[in-house]
Structures are given as structure tokens and as C-alpha cells.
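Hi,

Here is the structure I said I'd pass on to you. Have a look at it first, then read on for what turned up.

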Amino acid sequence: MARSFGQLAKKAERDSGCLSVSKDPTKKPELKIHTLGDNVLRKPAKRISKVDSSIRDLVKKMLHSMYSAKGIGLAAPQVGIHKQLLVIDLDIENAANPPLVLINPEITDFSASIETYEEGCLSIPGVYLNVIRPSTIKVNFRDERGRPKKINADGLLSRCIQHEMDHLNGVLFVDRVTNQEDLNKELETHGFNNRDVISME
Ligand SMILES: [Zn+2]
């Protein structure tokens, strides 16, 4: 069993190219995740002009923080770095599933159809609330090697990319929650203050 797990990890390493990051959540991460009320989360991120080894180092550290917190997505501003960089992994229990790295992502199109889905955020731990967003999106970005990529995303991937891209503009999912009563109750339960929400209503 240990051996087959090792093979899976090797395959994940091959698939993700230069990224080999353990998904083991027990290791202590270097980058701390900031939480609601912290102003760093409200500052917009800048485009990355060159995808080099320092960016790939940052990606690895972000993945480490994300896996340690058992999250499926993390944006650089959440660890206090204002660069347009996201990491996503919708299958964190599966070592063979490579993470997705989006650098300078741009949504080029989104569907007219909308969906309501319950979101959570590593920067607002414990809080889960419904958010309405377009169902599908088209996104242009660069990967961890600087190669231009395009994807059409739907379902959880579409949801996760939209949520993480909001972080690049200093927007948090609680800003988009339409049910104020649920919002206030949920924030209070988990020790957050509704004065830190910047409503988009
Ligand atoms: Zn988030």
C-alpha cells in the first residue's frame, strides 16, 4: 500500500511538471493565512510580469498552506502577497490529482445562467453561506511555467475560480451574500464582525 501510494505521488509529480508538493496536512506551513478583518485581504493584487522560479517557490508554499488548512483554493492575497496568483485542487485527498495554478487569470466570458451554492473560505474559517454566481466561465491565464492557457469551467471549478479571483480584487465571498440575516448570524457564531463585510448589494 505504501508503495502504491508512492507511485501515485510520483505520477502526480510528473503530471504537475515542476510542482511536487506533499498534500500531507500535518506539516506546519510557512505562509500564514490572513482572516476577515485583516486589511491585507482588501488590497488588490498586481499582475505577474515574469513567471520564474521565485513564483514557483511561492506556488509551492501556497499549496502547502492550502493543503495544511484542508482547503480547495487559495489566492496569494490571503497569505499577504499581492500578486495575481491562485492555486486550486478540487481533490485534495487524491495525491495523483495535480493542483491547478492560475497566474494573471482573466474571465473572458460567463454564462447568463446563475447558480446558488454554499461557499466557505480559508480566511473566514467555519463560515458557510450561499452565494449567487454565473454557472460557467471562460478563463485565460498562465500556468506555473508561464504558458498561456484557456479553460471553460463549470460546476465546482467555475465556482472556485470565481471565488479565488475575487480575492485578487480584495473582495470576499461574504460581500456577495444576499441574505443579511444568515450572514450576521453565521459571522457572529464564528467570532467575526459584520462591520468587516463590504456589501456588494
Ligand atoms: Zn476565499
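To get you started: which residue in S2 does leucine 74 stand opposite? The residue is valine 87. Before we go further, please keep in mind that this is a predicted model.

That pair belongs to two strands, S1 (73-75) and S2 (85-88), which pair in the antiparallel sense over 3 bridges. If the word "pair" is new to you: strands of a sheet pair through backbone hydrogen bonds, either parallel or antiparallel.

Now zoom out to the sheet. It is an open one made of 5 strands, in the order S1-S2-S3-S6-S7, with antiparallel pairing. S1 and S7 are the edge strands, so called because each pairs on one side only. On average, neighbouring strands here are turned by 40 degrees against each other, direction ignored. H2 packs on this sheet and touches S1, S2 and S3, and its direction makes about 45 degrees with that of S2. H3 lies across S1, S2, S3, S6 and S7, running at about 20 degrees to S1.

S6 is a nice strand to click through. On one side, S3 and S6 pair in the antiparallel sense over 5 bridges, and you can find isoleucine 103 opposite arginine 142 of S6. S6 also pairs with S7 (residues 148-153), again in the antiparallel sense, over 6 bridges. There, isoleucine 137 has alanine 153 in S7 as its bridge partner. S6 and S7 make a hairpin with 5 residues between them, and glycine 146 in the turn has a positive phi of about 85 degrees.

Which side chains of S6 are buried, and which are not? Ile137, Val139 and Phe141 point to one face and are buried, while Lys138, Asn140 and Arg142 point to the other face and are not. In a regular strand the side chains alternate between the two faces of the sheet.

Last, the inside. The largest nonpolar core has 45 residues, and Met62, Val87, Ile161 and Val174 are those with the most contacts inside it. Among the elements that give two or more residues to this core are helix H2 (53-68), strand S6 (137-142) and helix H3 (155-168). H2 gives the most, with 5 residues. You've already met Val87: it is the partner across from leucine 74. As for valine 174, leaving out residues up to four places away in sequence, it touches Leu36, Ile124, Val127, Leu129, Leu183 and Val197.

Happy clicking!

Key:
Residues are numbered from 1 along each chain as its sequence is written. This is a predicted model: local features need pLDDT of at least 70, side-chain atom pairs count only at pLDDT 80 or more; totals for chains, interfaces and linings use all residues. A nonpolar core is a set of buried Ala, Val, Leu, Ile, Met, Phe, Trp, Tyr and Cys residues joined through C-beta atoms within 7 Å. A residue is buried if 20 or more other C-beta atoms lie within 10 Å of its own, exposed if 12 or fewer, and partly exposed in between; C-beta atoms are placed from the backbone. Helices (H or I, at least four residues) and strands (E, at least two) are DSSP runs, numbered from the N terminus. Two residues are in contact if their C-beta atoms, placed from the backbone, lie within 7 Å. Two strands pair if DSSP finds at least two bridges between them. Axes are lines fitted to C-alpha atoms, for helices over the stretch in contact, and angles run from 0 to 180 degrees between N-to-C directions.
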